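I opened this entry to record what I looked up in the fold, beginning with one helix and moving on to the sheet.

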Amino acid sequence: MKYVFGFLGTGNMGSALVRAVCKTVDSNKICICDQNKDKTNSLKTELGLNVENAENLVKNSEFLVLGVKPQMLESVTGELADAMQDNASLKIISMLAAVDTQKLASCFGDREYIRIMPNTPVNLGEGAVLYCVRNASQSTEKTFTTAFEKAGKVVKIEENLMDGGMSLSGCGPAFVYMFIDALKQAGEKLGLDSELALTLATQTVKGSAMMVEKFGNPEQLKINVCSPGGTTIEGVKSLENDDLYKAVENALNASYEKSKILAKK
């Protein structure tokens, strides 16, 4: 096979994953296709990979990384039917939101499928890439996880947990950004200038996340910061009184319920 990975669709997430995969796979073994020619030409110049039309990409790739918009699935299925038939061994990696592997199989037939849900920090190699499989061999799965490891943590979950996982890791960055902004704005009201408040809020969240990653148990880490009768515990009590945990639960549930609605369309 001429290419290992063919990326059909190089939007913001697709481009980030292309860059990540280029760190583990020779760029000569990667090709891309997108309606935005400026974007594909820019990626070609930056990474030294190949640009193909959709038909040649499908015919000549071992893996098709499907990154088009979900509403384009039916048109893509029709346009690429012949090319798909010519490459019976083509394996499909799909990042289409709210499109499960059963739906993919109904479109593209009996193949090996990997469904992924990445989040935006993959741009820095610090993302979470959730994935589940359908009919995929261990070899196929290993090739995928090795190729995508520079995107961040590649985490396998059952498909029935994908919507819940996406609500946490996929939508979660927006909630974290809101918390950082809330810390910043609160700091400004205490007299800190905007730049300093943002620096302190960002570093505090970054360092705290690293502590959880190293030591685990965020509840215990919270307790460790709270000296009896001290300043931190007063702020913690205020957050508890305002029911921070319930607010976060409500946010995730809202995202989760929306994902279920989108999956039915």
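**Helix α6 and the sheet**

I began with α6, which lies across β4 (61–66), β5, β6 and β7 and runs at about 130° to β6. I note here that this is a predicted model.

Within this helix, which spans residues 101–108, I picked out Leu104. Is Leu104 buried or exposed? Leu104 has a relative accessible area of 0%, and because the cut-off for buried is under 20%, I entered Leu104 as buried. Leaving aside residues up to four places away in sequence, I found that Leu104 touches Leu66, Ser94, Val99, Gly109 and Tyr113. I also looked up Cys33, which is 71 residues from Leu104 along the chain, and the C-alpha atoms of the two are separated by 20 Å.

Tyr113, one of the contacts of Leu104, led me to the strand pairing, where Tyr113 in β6 is the bridge partner of Ile92. Strands β5 (residues 91–94) and β6 (residues 113–118) run parallel and are joined by three bridges.

I then traced the whole sheet, which is open and is formed by eight strands in the order β3-β2-β1-β4-β5-β6-β7-β8, with mixed pairing. β3 (50–51) and β8 stand at the edges with a single partner strand each, so one side of each has no neighbour in the sheet.

Last, I checked how β8 (residues 152–156) is joined to β7 (residues 127–134), and the two pair in the parallel sense over five bridges. From β7 the chain passes through helix α7 (residues 138–148) to reach β8, and I recorded this β-α-β crossover as right-handed. Across this pair, Val129 stands opposite Val154 in β8.

Methods: Residues are numbered from 1 along each chain as its sequence is written. This is a predicted model: local features need pLDDT of at least 70, side-chain atom pairs count only at pLDDT 80 or more; totals for chains, interfaces and linings use all residues. Side-chain values use heavy atoms; hydrogens and water are left out. Helices (H or I, at least four residues) and strands (E, at least two) are DSSP runs, numbered from the N terminus. Buried means under 20% relative accessible area, exposed over 50%, partly exposed in between (1.4 Å probe, protein chains only). Contact means heavy atoms within 4.5 Å. Two strands pair if DSSP finds at least two bridges between them. A crossover is right-handed if, with the strands pointing away from the viewer, the path from the first strand over the helix to the second runs clockwise. Axes are lines fitted to C-alpha atoms, for helices over the stretch in contact, and angles run from 0 to 180 degrees between N-to-C directions.
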